[in-house]
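This report describes how two protein chains meet in a model. The sequence and structure come first.

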2 protein chains.
Amino acid sequence: MISHCYIEDIGTHLGGEILLKGWLYNKRSKGKIHFLLVRDGTGIIQCVMSEGEVSEDVFNTYDKLTQESSLEVKGKVREDKRAPGGYELELSDIKIIQIAEDYPITPKSHGTAFLMDHRHLWLRSKRQHAILKIRNELVFAIRDFFYRNKFILVDAPILTGAIGETASTLFETQYYDEGKAYLAQTGQLYNEAACMAFGKIYCFGPTFRAEKSKTRRHLTEFWQVEAEMAYYEQEDNLELQEKLVEYIISWVLKKNKKELELLERDLSKLEKIIAPFPKILYDDAVKILKKEGGDIEWGSDLGGDDETILSNMYEKPVFVCNYPKKARAFYMKPHPEREDLVLCADLLAPEGYGEIIGGSQRNDDYDSLVQRIKEENLPLDAYEWFLDLRKYGSVPHSGFGLGVERTLAWICKLPHIRESIPFPRMLYRLYP
Amino acid sequence: MISHCYIEDIGTHLGGEILLKGWLYNKRSKGKIHFLLVRDGTGIIQCVMSEGEVSEDVFNTYDKLTQESSLEVKGKVREDKRAPGGYELELSDIKIIQIAEDYPITPKSHGTAFLMDHRHLWLRSKRQHAILKIRNELVFAIRDFFYRNKFILVDAPILTGAIGETASTLFETQYYDEGKAYLAQTGQLYNEAACMAFGKIYCFGPTFRAEKSKTRRHLTEFWQVEAEMAYYEQEDNLELQEKLVEYIISWVLKKNKKELELLERDLSKLEKIIAPFPKILYDDAVKILKKEGGDIEWGSDLGGDDETILSNMYEKPVFVCNYPKKARAFYMKPHPEREDLVLCADLLAPEGYGEIIGGSQRNDDYDSLVQRIKEENLPLDAYEWFLDLRKYGSVPHSGFGLGVERTLAWICKLPHIRESIPFPRMLYRLYP
C-alpha cells in the first residue's frame, strides 16, 4: 500500500510513490500535458500527467476538477529545481472526493468586506496561510521564552467581577444569580496575585475591549501575553521586554523565512531588532510631537498618529516612559519624584506600527492604591482581594502585556490588524 | 555586590554568598538559634542564624517577622542533607520589606469556602503551588506535542454568533449594534474551517458553559485544547488522542516528580498510561451499567456516576464509542450502518475521573448537516459559513477536545476540580 504523506515532507520520499490528500489550488493544461496545483494545508505541489501515460479516465478527470475540489492523488516524487518547493509529482492516479461548487474566492481581486465575510475560506489563500503560520511560530516562541526562563503559566480568568482597565470599554454578561460579570480586559490584576505566589509568572489568553474604534490597530478580541514579576523594578521590567522581543524576532527569522519572503517582508528591518532599545520620556515625546506639528497636549495619552510619528523615528522599537498619572490605569506606581507621573512604559514598534507592549511598575502601597481606586470611582469591594496583596507581604513588582496581533502585524508588515488573527472581531464584525 | 538568586537555582551557589528576595513561610527558634523558612515562589529554604554570629539587630528581627512578611535575606549557601532541597542558608543579614498583617491562612485547617474566598492568597500554599506547577508543565507538554507533530495553532474566537454545542448553556453579551454574541463553548466549528486550510490544526483557549451543575467535575470557565484534522477518520482520531495522553503523562512524570510526591500521588498508576487504550461501544457500556445497577436507559448520555463506574473498571483511560445521535451535538457524522448512532468517542480517565476528551468524526455531508441543524432548531444563517465547508471540497475530518482541568484533576488525583485552575469560576463563584 502506498502511504499518505504531507507535502511539507515530500522531500524524504524522492523517487518513491506517494499518496497526497488535499484540494485543487489551480490547474492549467498544454493539451497533452495537464498540470494540477494541489494543496494539502502544509504546502502546494505541482502534479503533472501526460496523455497516454495515465489511463484515459484519470487524464480526463482534469476537466471535471474545479477550484478547491477535494481529491487524493498518487504519483512519483521527482526533483524539479524550477518548482517552488523543489519537487514535483508525476501523477499516476486521481480519486475525486468532492467536486467543489463555484468557489467564491477566485484569483481575481476581491474587496475586503467580501473576503472578511468569507474568512473561513479566505484562510486557504497563500497570503493568509503565510501570516497564520508566522502567528503559530510567534505564539510558540513566546511560550518557549517564558518556559525557558522558568516563568510559571498562571491562567487568569476571563469572567471577572473586577474591572482591569477602564469601565467604559467592557463587555458584560449575566453570571447566574451573582450579578454581572465582565470579560477580562487584562489578566494583570490576577497576575499580581500569582507573582506573589510564584515569583515570575505569565498568563496568555484572549482579552476584550469594547472600544468603538475603527482603526487599523484595534480588535475587539485580541490575544495578550502578560508577565508579572515580584521584586522587579521598572528597569528590570524593560530589560525583560527587550529580551522577549529580541527572542521572538530571531525565532521568526529562523523559522519563517519562506513565509516572510512570500509576504515580501524586508528582512533587513527585522534583523536590526537587537536589544537594548532606545528609551524616551513622555515629556520629551510630547515636545517632539509638537515640533512635528502634532496636536497633542501634555497630560493626554498618545494617539495612534502620535505613535506613528515616534515609531517612524527609530529603526528599533522605542520605549516611551513615565506617562501622566491621569492618562493611565489606577494600578501604576507613582513616580517617586514627580507625583503627576507614573512609572510605566509603552514599547512602540518601528515602521509606524506603534504600541505592542504596555507595562509598568505597580502601586504596592495600600493607602495610595485605595485612594486611586476611589478617584476612578471603581467599587472598592470588588478589589478587596487585590488590596490584600498590599497587606500581606507587599513587594515591589512590575509587569507588562504584549499584544500578539499588533506584534504579528508589525512582523509581517500588514496594512491592517484584521489579517493577524484567524477570525477577527471588530466593531462591525462578528461573522463568521 | 551580592547577586540575587532564586531558591530553585541555589545549588549552583554552594559555598557562596547570595541574596534571596521572598516571604516568610514559617519560623521557629531554639532560643539562641533562629530558623526562618523563606519562600520566593520557586522554592522554600531554611535560613539559620545564631546569636552572636549576626548583629543583635539582625538577630532580633526574628521577633518582628510575621507569616508572609516580605523580606530580603543574605547568607552563605551550605549543603544540608536533611533539608528538603538539600541546602540551607547561613544568614548574615535581613532586610524587612513589609511586616504582614495577621495572615488569614494559618497552618490550622480552613473550610473550603474560606479558602476559595482567599484564593489569591491560598495560591501561596505548598499544595496549590504543586498543582499549578504541574498545570504549567501539562499545558506546555500539550503545546509541545502539537508543535512537534506540525499542527498549526489557529486560535478560535471566543465571541461568536454561532452556537457550538447546546443553546441551553450559553453566556451572552451585547455586541455593539450587531445583536447578541455568545461566549464560545468550543472552538470546534472554527477548527473545521481551519483544518480545511491547514490540514492539521489546534486551538487552545478558555471555553464557557453556563451549566447549573454543582459537581466536582464542572467549571463554568475551563481551558480546552481542541484539534481538528482533515482526512482523518475516527480511527486516526482515536490513535492521535492516545498518543497525546501518553505524551503528556510521560512529560509530567519526568518534570513533576517532586510535586506529585508532595501530593502523595501514586506514580505507579500514572506509569501504566501507555497506548493503546481499551475501547468499548456505548451499547455495551449501557449493558454493563445496567448490570452494575445504574439507572441509565439506552439513548441518554452517560451521567457522572455512570462514568465513574466505567472508569473504575480499567487501569488505563477507556474510549466509549458511538453514542446515540439524539444524545450528541448536531455536527457529528452518522454511523454508516446504524442511523441512530454517531461516530464519536469520549475518553474516560481511570480511577473514577471520567471524561477528559470528547471527540468525533464530523458530518461532512451538506444535506444531512442542514437537516440536523434544523432538527436542533438552530438558526441556519448563523451556520452558513460552516455549511460552506461542505460545499467547497468537503473531506472526511475528525477532531477532539481535551479539558485541561479535568486532565489535571486526574493527574493530581484531586477530590474536586476547583483546585485545578488558578481562579475557578463556578455556579456560585466569581470572586476573587
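## Salt bridges and polar contacts

Four, written 4 salt bridges, are found across the interface of chain B and chain A; a salt bridge is a side-chain nitrogen of Lys or Arg within 4 Å of a carboxyl oxygen of Asp or Glu. A:D155 pairs with B:R135 in a salt bridge whose closest N and O atoms are 2.4 Å apart.

The interface also holds 58 residue pairs in polar contact, both residues at pLDDT 80 or more. A polar contact is a pair of N or O atoms within 3.5 Å; within protein, one must be able to donate a hydrogen and the other to accept it, and residues adjacent in sequence count only if both atoms are side-chain atoms.

## Basis

The model is predicted: local features need pLDDT of at least 70, side-chain atom pairs count only at pLDDT 80 or more, and totals for chains, interfaces and linings use all residues. Residues are numbered from 1 along each chain as its sequence is written, chains are lettered from A and ligands numbered from 1 in the order written, and side-chain values use heavy atoms, without hydrogens and water.

## Extent of the interface

Chain B and chain A each bring 109 residues to the contact (heavy atoms within 4.5 Å). About 8,700 Å² is buried between them, 60% of it from carbon and sulfur atoms; buried area is the accessible area (1.4 Å probe) lost on being put together, summed over both parts. In chain B, B:Y176, B:Y231 and B:Y392 lose the most area to chain A, together 10% of what that side buries.

## Symmetry

A turn of 180° and a shift of 0.0 Å along the axis lay chain B on chain A with an RMSD of 0.0 Å (least squares on C-alpha atoms of residues with pLDDT of at least 70 in both). The two copies are thus related as by a two-fold rotation axis.

Technical notes. Buried area = accessible area lost by both parts, 1.4 Å probe.
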